[in-house]
Amino acid sequence: MSAELIDAANGQVEHNLQIALANRRTFNNVVSATHCTDCGDELDERRREAVPGCTMCVDCMAKQELLAKQRGMM
Ligand SMILES: [Zn+2]
């Protein structure tokens, strides 16, 4: 690989990283719900941190994903 190609590749990586960071910042601005919008259960603090913007508990999210799959949306 020539030096030019490596430079170009590094530039692409840097570019992707900037996009990833920008997306991350966007996600961090999303406020997670404190309670599940479906069953009303309180959402786990760790889950809210792990899944920014989440609005449902693990159980309801799994149900939702299953429904989406059954409807061929995923
Ligand atoms: Zn729920």
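**Figure 1. Burial and overall make-up of the protein chain.** Of the 74 residues in the protein chain, 4% are buried, in what is a predicted model. The secondary structure comprises 3 helices and 0 strands, and, read from the N terminus, the elements follow the order α-α-α. Among the contacts in the protein chain with a separation of 6 or more, 11% join residues that stand 24 or more positions apart.

**Figure 2. Confidence along the protein chain.** The mean pLDDT of the protein chain is 83, and 86% of the residues reach a score of at least 70. When the elements are taken one by one, helix α1, which covers residues 3-29, has the lowest mean pLDDT, at 75, whereas α3 has the highest, at 93. Where pLDDT is low, the predicted coordinates should not be read in detail.

**Figure 3. Helix α3 and the residue that follows.** Helix α3 runs through residues 58-70, and its end C-alpha atoms lie 18 Å apart, in agreement with the 18 Å that its 13 residues should span at 1.5 Å a residue. The number of buried residues among the 13 of α3 is 0, so this helix lies largely in the open. After α3 comes G72, a residue whose phi is positive, near 75°.

**Figure 4. Surroundings of S32 in the loop between α1 and α2.** S32 belongs to the loop that connects α1 with α2, the latter being formed by residues 45-50. With 15 other C-beta atoms within 10 Å, S32 is partly exposed, because that count falls between the 12 or fewer of an exposed residue and the 20 or more of a buried one. When residues up to four places away in sequence are left aside, S32 touches L43, R48, P52, G53 and C54.

**Figure 5. The pair S32 and M56.** Although 24 residues separate S32 from M56 in sequence, the distance between the two in space is 9.2 Å, taken from C-alpha to C-alpha. S32 itself is located in the loop between α1 and α2, and its contacts, not counting residues up to four places away in sequence, include P52, G53 and C54.

Technical notes:
Residues numbered from 1 in each chain as written. Predicted model: local features only at pLDDT ≥ 70, side-chain atom pairs only at ≥ 80, totals over all residues. Helix = DSSP H or I, 4+ residues; strand = E, 2+ residues; numbered from the N terminus. Contact = placed C-beta atoms within 7 Å. Expected span 1.5 Å × (residues − 1). pLDDT = per-residue confidence, 0-100.
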